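Work through the following exercises with the model open, and attempt each task before reading its solution.

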Amino acid sequence: MADQHVDVTLDHSFDGIQEYDNRLPNWWLFTLYGAVVFSVGYWLFYHTFGVGFTQDESYNHEVEVAAQEQLQREMGKEVTAESLLLMTKVTAQTDAGAKIFQQKCVQCHGPQAAGDIGPNLTDDFWIHGPEPLQIYNTVMNGVQDKGMQAWKDQLGPVRVRQVVSFVLTRKGLNVAGKAPQGKSIAEWDKENAALKAAEPKPADAGTPAPKSGG
Ligand code: HEC
């Protein structure tokens with residue numbers, strides 16, 4: 001095995017250029033075989049068994065961890081549209097919400113939230129408003145005379161937030177189910193914008209209006 005290295009040449013030549021037919025060096029072959037073995041392991045680790053996170057997964061995981069941390073800070077505070085939307089990004093929260101929905105809401109809103117006795121929550125029509133806080137208020141306070149109970153006492157505010165975050169993940173999926181009830185989201189948007197415009201503005205808000213005709 002010592003270096004009695006003799007170059008072997010193929011017996012063709014192109015314009016006097018000849019080609020070696022040497023054995024591939026072992027170090028080269030090892031990198032090739034190593035890469036093959038590595039790729040099999042890689043595939044099993046990331047794709048078949050899903051033990052490791054792929055780039056997408058670890059990105060999503062980081063987003064979720066950040067959302068979870070921010071949420072922890074928000075939970076103690078007053079509920080906001082932002083905190084509800086943030087919850088929709090945290091699977092632990094929407095999963096908890098889905099469970100509550102399966103226990104408490106399916107009998108009237110159906111397993112897909114597409115409606116039954118209660119309205120379809122996946123369509124673009126809402127009786128009491130499509131905004132996260134409007135949905136939250138409907139679930140907290142109910143609509144007593146229409147058969148939708150107030151859930152604030154039975155579930156408490158945290159679990160209501162969770163179930164609302166789940167409803168928000170269903171919203172807009174337009175699952176075929178109960179016929180639309182209430183006003184379209186476009187109508188609600190107009191109405192909500194008008195309400196917002198009528199709100200008194202905080203004193204320090206905004207920049208001075210630009211002078212016209214200057
Ligand atoms: C006993 C039946 C019943 C149960 C249980 C029930 N709902 Fe309802 N829900 C209704 C009815 C009926 C309405 C429509 C009220 C109306 O007409 O004003 C409604 C309305 C709603 C709305 C407002 C929809 C809109 O168009 O504005 C939301 C959101 C909602 N329910 C969520 C839930 C959630 C979440 C749960 C479980 C925690 C739940 N409901 C449990 C019957 C029910």
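**Exercise 1.** Does histidine 109 count as buried or exposed, and at what relative accessibility?

Solution. This is a predicted model in which local features need pLDDT of at least 70 and side-chain atom pairs count only at pLDDT 80 or more, while totals for chains, interfaces and linings use all residues. Residues are numbered from 1 along each chain as its sequence is written, and side-chain values use heavy atoms, with hydrogens and water left out. Histidine 109 has 10% relative accessibility and therefore counts as buried (under 20% relative accessible area, against over 50% for exposed and in between for partly exposed, with a 1.4 Å probe and protein chains only).

**Exercise 2.** Describe the site of the iron atom of the ligand.

Solution. Begin with the protein donors (N, O and S atoms within 2.8 Å of the metal, or 3.2 Å for Na, K and Ca): His109 through NE2 and Met148 through SD coordinate the iron at 2.0 to 2.2 Å. Next, the angles among the six donor atoms run from 86 to 179 degrees, and the site is octahedral (opposite donors over 155 degrees apart, all others between 65 and 115). Finally, histidine 109 lies in helix H5 (residues 106–109) and methionine 148 in the loop between H6 and H7, so the pair ties together parts 39 residues apart in sequence (helices being DSSP runs of H or I with at least four residues, numbered from the N terminus).

**Exercise 3.** Which residues are in contact with isoleucine 135, leaving aside its neighbours within four places in sequence?

Solution. With contact taken as heavy atoms within 4.5 Å, the partners of isoleucine 135 are Trp126, Gly129, Pro130, Val164, Val167, Leu168 and Lys171.

Methods. Four donors count as tetrahedral if all angles lie between 85 and 135 degrees; four count as square planar and six as octahedral if opposite donors are over 155 degrees apart and all others between 65 and 115; anything else is irregular. Helices (H or I, at least four residues) and strands (E, at least two) are DSSP runs, numbered from the N terminus.
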